[in-house]
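Trainee: Could you take me through one part of this structure in some detail? I'd like a close look at the largest cavity.

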Amino acid sequence: MQIERLKVFIDVAECRSFTRAAERGYISQSAVSQQIAALERELGAALLLRDRKGNVSLTAEGEVFYRGCVKVVDAYEKTVMQVRNIREGDKEVIFLGMVAGSDDKWLSEVLSAFVRRCPGVRVMPTYDSFIGLRRGLESGRLDAAVAVCYDLEDIDSVVCEPLLELQSVALVSNQSPLARQEEMRAVDLKDEYLITTSEAYGPASFRHWMEERRREGYEPKLREAVDSAETLRLLVEINAGIAIVPSYMRHDKEKCSTVRLVGTEDRVPYVIAHRTVGVSEALKIFIALTKEHFAHFTEG
């Protein structure tokens, strides 16, 4: 059974769509269909159900197989990285997860202090979706993750330690008249088309986003829920809609602007989530340095 085939199945199971799974894996939809068909023939069981609209759900066999696949693929990828790093002479590798598209400028400052304390230990950053970070922590592929908390909570043997609270802002295209404003009322977005990341990208984060818009007094006009931060930024850049995002999200200032939102209680907890079992001294040092960095950032 091929690892790549398992990855395709995981993408379909998480995206609930052959089309979106193909986009995530940068392969054709026909290639996805062929891989799934081959997998079902090999197992002698149906793993997926598709309705007339193309929506996908897991069968009982598919649910069991998905959980096992996640563990196998994550263990394989972490083992491959460990072998490569041993070959390169590293004493230890800390696998750190972050959300694709988030501002990671803080990491270089933390690493400069970390290498002085732990020479020979490498920090390997990887970028993923919210659900991908959760999966990595659950399987042990990741030692720690820095992200908003919602999809990282309630994982066995994993604790979320707060770093700071992030303000939610409106990310708008510079083509939009709103880009000339420094701030606006959150409720004034009720008539605008909005873009956010999908439930497949992070179910808890998606639910929180929807709940906050309703708490602000309106039902959001959702233009699209996308499966990557890159797609979200691109749609904003071409003025296809407005994104309400945590202020840490990276963007091209020549194409987009952020507008401060008032009249909202939407504050996003930013955390470092890490395993509590088998924590190395090097990882403890990295966690402490990260918390120290953000404490200074908060004070400033």
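**The largest cavity**

Mentor: The largest cavity has a volume of about 310 Å³, where a volume is the space filled by probe spheres set on grid points joined across faces, edges and corners. A cavity here is a set of points, on a 1 Å grid over the protein atoms alone, where a 1.4 Å probe fits but cannot get out. Keep in mind that this is a predicted model, in which local features need pLDDT of at least 70 and side-chain atom pairs count only at pLDDT 80 or more, while totals for chains, interfaces and linings use all residues. Residues are numbered from 1 along each chain as its sequence is written, and side-chain values use heavy atoms, with hydrogens and water left out.

The structure holds one cavity of 30 Å³ or more. Now for the walls: 27 residues line the largest cavity, lining residues being those with an atom within 4 Å of a point. Nearest its centre lie Phe130, Thr197, Ile244, Val245 and Pro246.

As for the elements, strand E8 (193-197), helix H7 (203-215), helix H8 (229-237) and strand E10 (242-246) each bring at least two residues to this lining. H7 gives the most, with five residues. Helices (H or I, at least four residues) and strands (E, at least two) are DSSP runs, numbered from the N terminus.

And the chemistry? By class, the lining has 18 nonpolar, seven polar and two charged residues. Ala, Val, Leu, Ile, Met, Phe, Trp, Tyr, Cys and Pro count as nonpolar, Asp, Glu, Lys and Arg as charged, and the others, Gly among them, as polar.

Conventions: 1 Å grid on protein atoms, 1.4 Å probe; cavity = no way out; pocket = protein on both sides within 12 Å on 5 of 7 lines; lining within 4 Å.
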